[in-house]
Amino acid sequence: MNYAENISFNIENSNSTECFKPSSINGFGECRIINFASGIKIISMDILTSEDEVIYCRERLPENTVIGVFSLKGRSYSTLHDTGKILNHDTNSFFIGNLPGEKCSAHIPAGERVSTLYICINMDMEKYLISADCCTTNPLWRIFSGAERGVYETVFSDRSITDLIRNISAHPPLTPWEWMKAESGILVAISKMFTFQEKKRLFSDSCITSDIEKIKTAKNILTEEFNKNISIAELSKRSHINEFKLKKGFKEVFGNTVHEYLRDLRLEKGLLMIKNGEANITEAALETGFATPSSFTRSFRGKYGNSPKKYMKSQTET
């Protein structure tokens, strides 16, 4: 039985950062923790195991704390042992829960690279935020404010939300003004969470279930055939939904446009190929569907902030 001994969801009363490799897993792993004295905590975990792992939290989930879980990469699942609920995590899925005293564990399959962001928020922060009548019907807000206990799932989160939190986690604050900037970034991310969920809820209310299923079908086609050049017209035809509904609905449901989703998926696949030594930059670019290596490099720099070569060098140095 493996325990996440160094990981706690309790928020401390001081600003602090920590980075370590979990000793309980068989394989690669890194954990970064940033604790804000104002009542926020970020936990970033990146794990690749050589065998199936079950990691238990030794402590029960804390009182007066909301915990959000962003899945950045890979598939895994969590078990809430007291309620018997299982949370399935897939790339870009998001859960937020208010379950004090709950016992939980994470289940990571062998060979699956799993990157997860946890954000813990003290519910006392809610009193500083302006409430409105619409908040009473917003399920995300009801969990966040403590009006309800339980877990809320939104199918896919807006990429800009995870990018904000991931960037803060990757560059821990050092100076007082960096701490202020990081904390304001977290508040922006929280605001985006509510805005995205409300837009998605309003869209779902105006969209029939069959259209949403067709939009999900379109995403599955892109995921399975990411290296092919599929036009919007072809994707629309194969998903049995018109182009306008497909483009508008895809953005509302998944947080990205069709083009953005396909580009990011290709970049992630290409990066994995390079990291695993399966291809060089040119081969990875062409095999993932980019027209030229230069277009791959240009898109890569836009997403990761560096060229593939420099990015890989920085990863080796760390």
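**Figure 1. Accessible area and the whole chain.** Accessible areas come from the Shrake-Rupley method with a 1.4 Å probe. By that method, this predicted model exposes about 16200 Å². Carbon and sulfur atoms supply 51% of that area. The protein has 318 residues, and 47% of them are buried. Ten helices and twelve strands are present. Take the contacts between residues at least 6 apart in sequence: 66% of them join residues at least 24 apart.

**Figure 2. The largest nonpolar core holds 29 residues.** In soluble globular proteins, nonpolar side chains tend to be buried together. Here, the residues with the most contacts inside the largest core are Phe36, Phe70, Ile96, Ile119, Ile165 and Ile186. Strands and helices both contribute. Five strands are listed below, followed by three helices. Each gives two or more residues to this core:

- strand E3 (27-36)
- strand E4 (40-49)
- strand E6 (65-73)
- strand E9 (94-98)
- strand E11 (113-122)
- helix H1 (139-145)
- helix H2 (159-170)
- helix H3 (176-206)

Which element gives the largest share? Helix H3 does, with eight residues. Another core, of 23 residues, lies apart from this one. Phe9, Phe20, Leu87 and Ile108 are among its members.

**Figure 3. The largest cavity has a volume of about 430 Å³.** Rolling a probe the size of a water molecule over the atoms shows where empty space is left. In this model, the count comes to three cavities of 30 Å³ or more. The largest cavity is lined by 29 residues. Which of them are closest to its centre? They are Phe9, Val69, Ser78, Cys104 and Tyr118. The elements that give two or more residues to the lining are E4, strand E5 (53-56), E6, strand E7 (76-80), strand E8 (85-89), E9, strand E10 (104-108) and E11.

**Figure 4. Cys19 and Cys31 form no disulfide.** A disulfide is a covalent bond between the sulfur atoms of two cysteines. A search of the whole structure finds zero of them. Why is Cys31 not bonded to Cys19? The sulfur of Cys31 is 7.8 Å from that of Cys19, its closest cysteine sulfur, so the two are too far apart for a bond. The cut-off for a disulfide is 2.5 Å. The settings of the two residues can be set side by side. Cys19 is partly exposed, with a relative accessible area of 45%. Cys31 counts as buried, at 0% relative accessibility.

**Figure 5. Glu225 sits in a loop between two helices.** The loop runs between helix H4 (209-224) and helix H5 (232-239). Is Glu225 buried or exposed? Glu225 is buried, with a relative accessible area of 16%. The cut-off for buried is under 20%. Leaving aside neighbours within four places in sequence, Glu225 is in contact with Ile230 and Arg238.

**Figure 6. Asn64 and His240 have positive phi values.** Neither residue is a glycine. Phi of Asn64 is near 55°. Asn64 is found in the loop between E5 and E6, and counts as partly exposed at 30% relative accessibility. Phi of His240 is near 60°. His240 lies in the loop between H5 and helix H6 (243-254). At 62% relative accessibility, His240 counts as exposed.

Conventions. Residues numbered from 1 in each chain as written. Predicted model: local features only at pLDDT ≥ 70, side-chain atom pairs only at ≥ 80, totals over all residues. Heavy atoms only, no water. Helix = DSSP H or I, 4+ residues; strand = E, 2+ residues; numbered from the N terminus. Buried < 20%, exposed > 50% of the residue type's maximum accessible area, 1.4 Å probe, protein only. Contact = heavy atoms within 4.5 Å. Core = buried A, V, L, I, M, F, W, Y, C linked by side-chain atoms within 4.5 Å. 1 Å grid on protein atoms, 1.4 Å probe; cavity = no way out; pocket = protein on both sides within 12 Å on 5 of 7 lines; lining within 4 Å. Points joined across faces, edges and corners; volume = space filled by probe spheres on them.
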